[in-house]
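Visitor: I have a structure open here and would like to talk it through before I go back to the bench. Could you take me around it?

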Amino acid sequence: MAVDSKDNLYIADRAGHALRVVKPDGKVYTLVNKKGKKGRALGDGINAQLFGPKYLAIDKDDKVWIADDQNDRICLYDPETKQLTSIIGKESNMQGWDIKRPHGVTIHKDGSIYVVDSGNDRVLKLER
């Protein structure tokens, strides 16, 4: 779970393969993978898919970084565009960043992204 600057509580639903948000009024919404079936689809959040999301973090722009464990990638969900993209790992444009079973993602106050790449026994740092 992570909270953005607007007090929205984001939840990585591992078993439901989804990203959900609890708004300040207490209402829960599914943002990624409304059907809840594991998969790899990117694009429009509601129809995009995750496979065992393990951890998430919120950056200074309130974008949601997701450790998509079983898909071997770090995804970014943009609440403004409602799009899910792969940033690191499979289906991303970053070369040389093959990750396996990412179990964590966090954002340092300087904007750097840290990824726990469990399958490769390492921690990666992506400077922004």
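**The sheet, the cores and a pocket**

Guide: Let me begin with the sheet, keeping in mind that this is a predicted model. Five strands make up an open sheet in the order E5-E9-E8-E7-E6, and their pairing is antiparallel.

Visitor: Which strands stand at the edges there?

Guide: Strand E5 (43–44) and E6 do, and because each has a single partner strand, one side of each is left without a neighbour in the sheet.

Visitor: And how many bridges join E8 to E9?

Guide: There are 6 bridges between E8 and strand E9, which covers residues 83–89, and the two run antiparallel. Within that pairing, Arg73 stands opposite Gly89 in E9.

Visitor: What about E6 and E7, how are they joined?

Guide: E6 and E7 also run antiparallel, joined by 5 bridges, and Ile58 has Val64 in E7 as its bridge partner. The two strands form a hairpin with 5 residues between them, and in the turn Asp62 has a positive phi of about 65 degrees.

Visitor: Switching topic, which residues of the largest nonpolar core touch the most other members?

Guide: That core has 15 residues, and those touching the most other members are Tyr10, Leu19, Val32, Val64, Ile66, Tyr77 and Leu84. Two or more residues come from each of strand E3 (18–22), strand E4 (28–32), strand E6 (53–58), strand E7 (64–68) and strand E8 (73–78). There is also a second, separate core of 13 residues, which includes Ile88, Val115, Leu124 and Leu126.

Visitor: Tyr77 caught my eye, so what is Tyr77 in contact with?

Guide: Leaving aside neighbours within four places in sequence, Tyr77 is in contact with Leu19, Leu31, Val32, Gly45, Lys63, Val64, Ile66, Lys82, Gln83 and Leu84.

Visitor: Now the largest pocket: which residues lie nearest its centre?

Guide: Of the 14 residues lining that pocket, Asn8, Tyr10, Lys23, Pro79 and Glu80 lie nearest its centre. The lining divides into 6 nonpolar, 1 polar and 7 charged residues, and the volume of the pocket is about 220 Å³.

Visitor: One last thing, where is Gly36?

Guide: Gly36 sits in the loop between E4 and E5, and it is partly exposed, because its relative accessible area of 24% falls between the 20% limit for buried and the 50% limit for exposed. Not counting residues up to four places away in sequence, Gly36 touches Gly16 and His17.

Visitor: And how far is Gly36 from Val3?

Guide: Their C-alpha atoms are separated by 22 Å, with the two residues 33 apart along the chain.

Definitions and conventions. Residues are numbered from 1 along each chain as its sequence is written. This is a predicted model: local features need pLDDT of at least 70, side-chain atom pairs count only at pLDDT 80 or more; totals for chains, interfaces and linings use all residues. Side-chain values use heavy atoms; hydrogens and water are left out. A nonpolar core is a set of buried Ala, Val, Leu, Ile, Met, Phe, Trp, Tyr and Cys residues joined through side-chain atoms within 4.5 Å. Buried means under 20% relative accessible area, exposed over 50%, partly exposed in between (1.4 Å probe, protein chains only). Helices (H or I, at least four residues) and strands (E, at least two) are DSSP runs, numbered from the N terminus. Contact means heavy atoms within 4.5 Å. Two strands pair if DSSP finds at least two bridges between them. On a 1 Å grid over the protein atoms alone, a cavity is a set of points where a 1.4 Å probe fits but cannot get out, and a pocket is an open set with protein on both sides within 12 Å along at least five of seven lines; lining residues have an atom within 4 Å of a point. Grid points are joined across faces, edges and corners, and a volume is the space filled by probe spheres set on the points. Ala, Val, Leu, Ile, Met, Phe, Trp, Tyr, Cys and Pro count as nonpolar, Asp, Glu, Lys and Arg as charged, and the others, Gly among them, as polar.
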